[in-house]
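Please read the following explanation with the sequence and the model side by side, moving from one residue to its helix and then outward to the neighbouring elements.

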Amino acid sequence: LNNWGLARYLLGQPSEAERMFRQAADIARADASGASVSPMVTLNLARTVVDLGRTAEGLELAERAAGQAGEDGDTLVEVQSLMVRATANRELGHLARARDLLDRHREAHHQERVQHQHRLADRLGVHDPSPDPEQHHGVRAEEAEDRHRDRGPVTGVAPPQGRQAPADRH
């Protein structure tokens with residue numbers, strides 16, 4: 001039901017999305033295994049409730065989702081909750097808090113980008129670390145991507161003789 005609710009939300013049907021997210025949460029709470037409600041379901045409900053104009057309720061839900069995500073180690077929900085909480089705080093007039101949450105969101109995305117660059121460099125076998133964020137492991141990001149294309153598939157298998165590896169389609 002979470003995915004159906006998300007589809008309804010993305011289709012511009014927030015009231016129907018809210019109903020589905022609440023139903024998903026009710027089912028999770030009634031589960032005999034004792035499983036709790038997924039923080040993603042709670043966050044999706046929070047985002048929807050904020051969009052429906054019930055900002056204080058949405059903020060409370062987003063904070064609950066962030067807390068549960070922190071306990072579960074779910075960084076995706078933690079990072080996404082920062083934007084929902086920033087929006088709610090801004091709408092409630094808590095501008096300093098909103099700014100702090102946006103700064104934390106920006107920092108989380110920066111860290112994610114750096115980690116992605118490290119993984120790419122490792123896959124390419126480039127091992128000359130550089131502190132310059134625009135230049136990673138001694139190779140500019142664009143050069144690393146060019147090397148990746150020239151090397152062939154990620155599996156490390158070179159293309160057959162006389163054939164070129166297909167270009168990445170972005």
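S81 is buried in this predicted model, since its relative accessible area is 0%, and buried here means under 20%. The residue belongs to helix α5, and, when residues up to four places away in sequence are left aside, S81 touches L43, A62 and A66.

Two of these partners, A62 and A66, lie on helix α4 and take part in its contact with α5, and that pair of helices is a good place to continue. Helix α4 spans residues 55-72 and helix α5 spans residues 75-91, and their axes come within 9 Å of each other while crossing at roughly 155°. Because angles over 145 degrees count as roughly antiparallel, α4 and α5 are described as roughly antiparallel to each other. The crossing of these two helices is left-handed. On the α4 side the contact is made by T55, L59, A62, E63, A65, A66, A69 and G70, and on the α5 side by V77, E78, S81, V84, R85, A88, N89 and E91. Sorted by class, the residues of this contact comprise eight nonpolar, four polar and four charged.

Helix α5 also packs against helix α6, which covers residues 95-124, at an angle of about 160° and with the two axes 8 Å apart. Here too the angle leads to a description of the pair as roughly antiparallel, so α5 and α6 run in roughly opposite N-to-C directions. The crossing in which α5 passes α6 is left-handed. From α5, the residues V79, L82, M83, R85, A86, N89 and R90 meet L95, R97, A98, L101, L102, R104, H105, A108 and H109 of α6. This contact holds nine nonpolar, three polar and four charged residues. R85 and N89 of α5 appear in the contact with α4 and appear again in the contact with α6.

The N-terminal part of the chain offers another helix pair. Helix α1, residues 2-10, and helix α3, residues 39-51, have axes that come within 10 Å and cross at roughly 25°. Because an angle under 35 degrees counts as roughly parallel, α1 is roughly parallel to α3. The crossing of α1 and α3 is left-handed. N2, L6 and Y9 of α1 make this contact together with M40, V41, N44, R47, T48 and D51 of α3, and these residues divide into four nonpolar, three polar and two charged.

Which residues of α1 are buried? In this helix N2, G5 and Y9 are buried, and because they cover an arc of only 60° around the axis, they are placed on the same side of α1. On the other side of the helix, N3, W4 and L10 are exposed. The buried residues of α1 pack against α2, which spans residues 14-30, and against α3. Just after α1, G12 takes a positive phi of about 80°.

Helix α2 can be followed through two of its residues. R19 is placed in this helix and counts as partly exposed, because its relative accessibility is 44% and the partly exposed range lies between 20% and 50%. From C-alpha to C-alpha, R19 is 9.7 Å from L1, although 18 residues separate them in sequence. I27, likewise located in α2, is exposed, with a relative accessible area of 51%, which is over the 50% cut-off. The C-alpha atom of I27 is separated by 8.5 Å from that of V37, and the two residues are ten apart along the chain.

These local views can now be set within the whole protein. The protein contains seven helices and two strands, and from the N terminus on its elements follow the order α-α-α-α-α-α-β-β-α. Of the 170 residues in the protein, 32% are buried. Among contacts between residues at least 6 apart in sequence, 38% join residues at least 24 apart.

Methods:
Residues numbered from 1 in each chain as written. Predicted model: local features only at pLDDT ≥ 70, side-chain atom pairs only at ≥ 80, totals over all residues. Heavy atoms only, no water. Axes fitted to C-alpha atoms, helices over the stretch in contact; angles between N-to-C directions. Helix = DSSP H or I, 4+ residues; strand = E, 2+ residues; numbered from the N terminus. Parallel < 35°, antiparallel > 145°, perpendicular 65-115°, else oblique. Left-handed = near helix turned anticlockwise from the far one by under 90°. Contact = heavy atoms within 4.5 Å. Nonpolar A, V, L, I, M, F, W, Y, C, P; charged D, E, K, R; others polar. Buried < 20%, exposed > 50% of the residue type's maximum accessible area, 1.4 Å probe, protein only. Arc of directions from axis to C-beta.
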